[in-house]
Amino acid sequence: MRTEFVRSVSCVTRVIRATVLHAFSISAVARATMAMATVMMSAIVLTAFTTVAHAQAVAARDDGVTALRFGAVVDARGRSTRDAVVIIRADTIVRVGTGAGVIPAGARVVDLRPLTAIPGMIDVHTHMTYWRDKNLPASAAPRSKDSVVMAAAENARHTLETGVTTVRDLGASNYADIAMRDSINKGAMIGPRMFVAGYGLSKLTAPPRAGTPPGAPRGRVLDTIEIKEAIKAQVDAGADWIKMYGSTGSFQNVTGVQTFTDVEMRVATETAHRFGKPMAIHSYGDSGGRAAMRAGAESVEHPAGLDDATIAEFVKRGTVYVPTIDHNRFYAENAAILGYNAKQVAELDSFRLYNLETARRAHKAGVKFAMGSDAVYWMFGENTRELAWFVKAGMTPTQALATATTNAAALLRQPTKLGQIAPGFYADIVAVDGDPSRDIEVVINKVRWVMKGGRVVVDKRQ
Ligand SMILES: [Zn+2]
């Protein structure tokens, strides 16, 4: 853990240096560092404070308007604007134009030519609080909420490095996800914007033993009464979304047996909607996926093997499909570390192909996709590898990118704030080296610079 903290401080220091160069909202970074430093209680903190003082001095001279110059800006429809200039005030884009002539007098200019700008991406399925060190046994992972949040800051940072500036986090214990979301929003932690679900609802198959505290607050529920209680508990805790596990299957287990009944899924979705919260339902299998869609869930996670009639109904209802193909690649590749046997690896591999085949049919039929990595552990940093599978499923690179920008923003009910480089949107911008409309690998592997809400959070240009 100690080394993690040291790394956090040095990262923050790096970010501050980048910020001194480009000077965006420095006081927020300073606040973030101060807040982190308070908890860290280490000699390194002094270095951070010194840098903060310097950063504040620079901030005093900032007039608040920044012009970013790019070789091109590519939008979600694949249209490219050459010699593009994006004007930022505070955390918002105020204008997008071309050529030096549109740069206002006195604006700070950041020259990112010849890089290409794409919108900050959105990963609609993460588990940010599932932190594990690859080199340590699972038992070494932190348990207390505070320790989990501190450790998960690393996952947040790795996510930003992929160009993902917003996530929907679908399931966490002890409301660590809510703590992370709030810390990031206050500037006390550096990470993507988070839309969170608290505890995912899972089906209890037998009543708890006498004396067991009620299951609802932890998401384990027996019937429709407990479903309603559990949803209210998540809403009261501050969840943005409700997550339900509608089938078996996770990690090395790829079974997709429906758990909640069709009626229970419908009651859950209606309850969530009554609280004004959208619903995401997990189902590895086709029957759970169909039930989730018919229940009115806004998105269905992982559903492999959907038949053509069900796919047609997804299209008709506009239900968003989040296949999460790549996470089974991650599990299979890391089987030795995770302790999965050869049979499980074979199952993960064949499920991935089955999932890809469903995605191919769904795309052909016109289903709306959003990119979700289902990242856990050290998969953060690989969040956008899902896009390569989408291209294999038949999308153009531009269509794939839209699943992580405009489609995802619509799912998150942020269509005028997230997923585009346009006036009024958050200044969430990613600079990549190459043409993302020709090659999706540019988006996945060639992110050089990331701005979130007007602040530079990643700079890998040197
Ligand atoms: Zn998940």
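Mentor: A residue is counted as buried here if 20 or more other C-beta atoms lie within 10 Å of its own, and by that criterion 53% of the 462 residues of this protein are buried. Keep in mind throughout that the model is predicted. The protein has 16 helices and 18 strands, and residues 24 or more positions apart account for 67% of its contacts with a separation of 6 or more.

Trainee: How do you know whether Arg-168 is buried or exposed?

Mentor: Arg-168, which is found in strand 7, has 26 C-beta neighbours inside 10 Å; the cut-off is 20 or more, and therefore Arg-168 counts as buried. Leaving aside residues up to four places away in sequence, Arg-168 touches Val-124, His-125, Phe-195, Trp-241 and Leu-412. Its C-alpha also lies 8.1 Å from that of Ala-197, a residue 29 positions away in sequence.

Trainee: What makes Asp-83 unusual in its phi, and why is its exposure given the name it has?

Mentor: Asp-83, in strand 2 (residues 80–89), has a positive phi of about 45 degrees although it is not a glycine. Most residues other than glycine have a negative phi. As for exposure, Asp-83 has 14 other C-beta atoms within 10 Å, and because the buried class needs 20 or more and the exposed class 12 or fewer, Asp-83 is partly exposed.

Trainee: Which class of exposure does Asn-174 fall into, and what makes it so?

Mentor: Asn-174 has 18 C-beta neighbours inside 10 Å, a count that again falls between the limits of 12 and 20, so Asn-174 counts as partly exposed. Asn-174 sits in the loop between strand 7 (164–169) and helix 5 (176–186), and has a positive phi of about 55 degrees without being a glycine.

Trainee: What is the peptide bond from Arg-113 to Pro-114, cis or trans?

Mentor: That bond is cis, with omega near 10 degrees. Most peptide bonds are trans. Pro-114 is found in the loop between strand 4 (108–111) and strand 5 (116–119).

Trainee: Which residues of the largest nonpolar core touch the most other members?

Mentor: Val-86, Ala-117, Ala-152 and Met-180 do, in a core of 129 residues. Helix 4 (residues 145–161) gives the largest share of this core, eight residues. Taking Val-86 as the example, and not counting residues up to four places away in sequence, its contacts are Leu-68, Val-73, Ile-93, Val-96, Ala-117, Ile-421 and Ile-429. In soluble globular proteins, nonpolar side chains tend to be buried together.

Trainee: Turning to helix packing, why are helix 6 and helix 7 described as they are in their relative direction?

Mentor: Helix 6 (residues 224–237) packs on helix 7 at an angle of about 30 degrees, with the axes 10 Å apart. Angles under 35 degrees count as roughly parallel, and helix 6 and helix 7 are therefore roughly parallel to each other. Helix 6 passes helix 7 in a right-handed crossing, where Thr-224, Ile-227, Lys-228 and Ile-231 of helix 6 meet Glu-264, Val-267, Ala-268, Thr-271 and Ala-272 of helix 7. By class, the residues of this contact divide into five nonpolar, two polar and two charged.

Trainee: How do you know which term to use for helix 8 and helix 9?

Mentor: The axes of helix 8 and helix 9 (residues 308–317) come within 10 Å and cross at roughly 25 degrees; since the limit is under 35 degrees, helix 8 is roughly parallel to helix 9. This crossing is left-handed. On the helix 8 side the contact is made by Asp-286, Gly-289, Arg-290 and Met-293, and on the helix 9 side by Thr-310, Glu-313, Phe-314 and Arg-317, which comprise two nonpolar, two polar and four charged residues.

Trainee: What is the angle at which helix 7 and helix 8 cross?

Mentor: Helix 7 (residues 262–274) and helix 8 (residues 286–295) cross at roughly 40 degrees, their axes coming within 8 Å. Because the roughly parallel class requires an angle under 35 degrees and the perpendicular class starts at 65, this pair counts as oblique. The crossing of helix 7 with helix 8 is right-handed, and Asp-262, Met-265, Arg-266 and Thr-269 of helix 7 meet Ala-291, Ala-292, Arg-294 and Ala-295 of helix 8. Four nonpolar, one polar and three charged residues make up that contact.

Note on methods: Residues are numbered from 1 along each chain as its sequence is written. This is a predicted model: local features need pLDDT of at least 70, side-chain atom pairs count only at pLDDT 80 or more; totals for chains, interfaces and linings use all residues. Helices (H or I, at least four residues) and strands (E, at least two) are DSSP runs, numbered from the N terminus. Axes are lines fitted to C-alpha atoms, for helices over the stretch in contact, and angles run from 0 to 180 degrees between N-to-C directions. A crossing is left-handed if the near helix is turned anticlockwise from the far one by less than a right angle, and right-handed if clockwise. Two residues are in contact if their C-beta atoms, placed from the backbone, lie within 7 Å. Ala, Val, Leu, Ile, Met, Phe, Trp, Tyr, Cys and Pro count as nonpolar, Asp, Glu, Lys and Arg as charged, and the others, Gly among them, as polar. A nonpolar core is a set of buried Ala, Val, Leu, Ile, Met, Phe, Trp, Tyr and Cys residues joined through C-beta atoms within 7 Å. Angles under 35 degrees count as roughly parallel, over 145 as roughly antiparallel, 65 to 115 as roughly perpendicular and the rest as oblique.
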